[in-house]
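Biologist: I am new to reading structures. Can we go through one together, feature by feature?

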Amino acid sequence: MWLPTTGPAAGFAADYLRLHRAFYDRTLTDAQLGDWRDRQLRRVLDQVGTGSPFYARHLAGIDLTTITPATLDRLPFTTKAHLREEMLDVLSRPLAEAVFFYETTGTTGPATPCPRDGREVVASNAHVTESWASIFRHHFGEQAPRVGLMGPTEVHSFGDTLGDVARNTGAMNAKIWPYSPVIGFAKALQLMRDLELEVICCTPGVALMLAKAAEHHGYRLREDFAVKLLFVTGEMCTPALAHNLESVWGADVYNILYGSQEAFVIATACRNKRMHLSQTNYLIEVVDPETGASHGPRGTGELTVTMLVDGVKPLIRYRTGDAVVVGASDCDCEMPGDLVQIVGRTLDRIDLGGQRRTAGQIESAVLTGVTGSAGYQVVIDNDPAGGDRLTVRLELLKDLVDDPAAVADGVRRRAAAALGVPVEVELSDGLDPIVSTGAFVSWKAARIVDRRVADDHETRVARRMAGRRGYDT
């Protein structure tokens with residue numbers, strides 16, 4: 001594992017890794033974890049109150065010495081809009097103390113700076129390393145696998161973070177982003193075959209595009225590749241989508257981690273394919289997405305995090321915009337931490353058939369029971385009889401589906417029952433290219449065509465991006 005060797009970050013790393021080891025060995029008591037959280041929250045609040053121009057204004061008038069993990073709701077939220085407006089003023093340490101500079105993708109607004117210092121790198125990567133090591137032991141024993149890392153830009157943390165984690169576990173890794181003008185899909189597939197890569201880490205959408213590209217370039221997924229695991233991240237992946245990906249690739253699919261450029265890795269997967277929160281790094285709140293009322297560390301609502309690592313850019317009560325369910329762990333795996341399920345962005349909720357539906361509910365209704373699919377899109381119209389109606393556009397891979405009509409009929413029946421609206425299914429030989437933009441813009445912009453309303457900003461951005469993304473290169 002990369003470790004800072006000099007300065008305060010080196011001292012933090014040594015102390016943190018002792019705590020981290022005790023957390024994973026189950027020798028860290030609740031009292032000890034509570035003491036750590038109290039100390040780190042105090043350090044972070046002292047730091048942002050004096051070192052961050054934004055937080056000096058944002059928290060002005062609040063006696064920060066009275067704030068504890070139990071009284072966080074006395075503080076205002078930090079939002080994505082704040083990060084876009086304040087930019088480098090959110091930082092509470094000098095930019096020169098960072099070891100990496102990253103940005104958000106900036107597809108729907110200004111790209112916000114996300115520098116990381118040695119403290120943040122160590123604390124975030126340590127949890128991902130535990131996750132990967134456990135899953136690798138489960139599948140490969142003591143033999144480290146060969147890993148392909150895909151995405152998404154040069155100033156995104158994906159390659160550095162997961163490259164470091166691969167090294168920590170002794171795994172060879174190759175960075176083969178198929179949308180890169182240097183690589184492309186044909187080269188990525190050739191490298192996957194020649195290097196006999198066993199683990200591919202990418203978004204669910206890229207995994208589907210790879211399957212379509214493989215068909216286009218004459219590959220046979222099961223015979224020509226050695227892929228045993230798909231580690232997907234960066235987009236929502238419901239169990240239904242994961243099951244479909246497994247049917248396409250003949251590989252186990254793990255929704256491997258959850259996080260963001262701004263807040264780092266918040267949760268990691270275990271060998272049982274469940275997601276555990278990195279509770280040494282964050283104070284977790286679940287808040288009502290409409291009122292902002294806090295339900296505490298567990299429940300159903302919008303995930304809000306306060307970062308406990310006093311790095312370059314710790315965030316206070318940061319509203320992630322993600323709808324979650326958080327509960328106590330009953331998992332028999334090696335990973336500690338509460339369990340979290342990600343059910344979609346709060347902005348991706350859709351009024352449908354008189355109910356507010358999450359992205360996860362819609363995707364599950366469409367894909368439950370489906371195998372061999374290369375992707376889907378949902379069109380929403382006003383029904384002439386009143387209410388709403390859906391048209392599901394479904395693309396199937398030719399070699400993997402014997403009876404496409406039966407698949408379509410199953411989707412129609414199950415989706416109509418689950419969503420309570422009339423459903424039709426269209427089988428497509430090639431979906432709208434906007435479907436490929438999911439991780440870059442949003443699930444809703446990529447997957448939903450809502451003809452009841454005008455296109456929003458995200459949909460217009462996704463439409464512009466779609467023309468530049470293909471798999472025939």
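Modeller: Let us start with the nonpolar core. A nonpolar core is a set of buried Ala, Val, Leu, Ile, Met, Phe, Trp, Tyr and Cys residues joined through side-chain atoms within 4.5 Å. Buried means under 20% relative accessible area, exposed over 50%, and partly exposed in between, with a 1.4 Å probe and protein chains only.

Biologist: How many residues does the largest nonpolar core have?

Modeller: It has 73 residues, and Met150, Met192 and Trp249 have the most contacts inside it. Helix H8, residues 204–216, gives the most to this core, with 8 residues. A second, separate core of 55 residues includes Tyr258, Val305, Met307 and Tyr318. This is a predicted model: local features need pLDDT of at least 70, side-chain atom pairs count only at pLDDT 80 or more, and totals for chains, interfaces and linings use all residues. Residues are numbered from 1 along each chain as its sequence is written, and side-chain values use heavy atoms, leaving out hydrogens and water.

Biologist: Which residues does Met150 touch?

Modeller: Contact means heavy atoms within 4.5 Å. Leaving aside residues up to four places away in sequence, Met150 touches several residues, among them Phe158, Trp177, Met192 and Leu210.

Biologist: How do I read helices, strands and sheets?

Modeller: Helices (H or I, at least four residues) and strands (E, at least two) are DSSP runs, numbered from the N terminus. Two strands pair if DSSP finds at least two bridges between them. Here, one open sheet of 4 strands runs in the order E17-E16-E15-E18, with mixed pairing.

Biologist: Which strands stand at the edges?

Modeller: Strand E17 (423–428) and strand E18 (448–450) each have a single partner strand, so one side of each is left without a neighbour in the sheet. Strands E15 (373–382) and E16 (388–396) pair in the antiparallel sense over 9 bridges. Asp381 stands opposite Arg389 in E16.

Biologist: Which helix packs on the sheet?

Modeller: Helix H11, residues 359–367, touches E15, E16 and E18. Axes are lines fitted to C-alpha atoms, for helices over the stretch in contact, and angles run from 0 to 180 degrees between N-to-C directions. The direction of H11 makes about 115° with that of E15.

Biologist: And the whole chain: how many helices and strands are there?

Modeller: The chain has 14 helices and 18 strands. Of its 473 residues, 57% count as buried. Its C-alpha trace spans about 65 × 55 × 40 Å along the principal axes.
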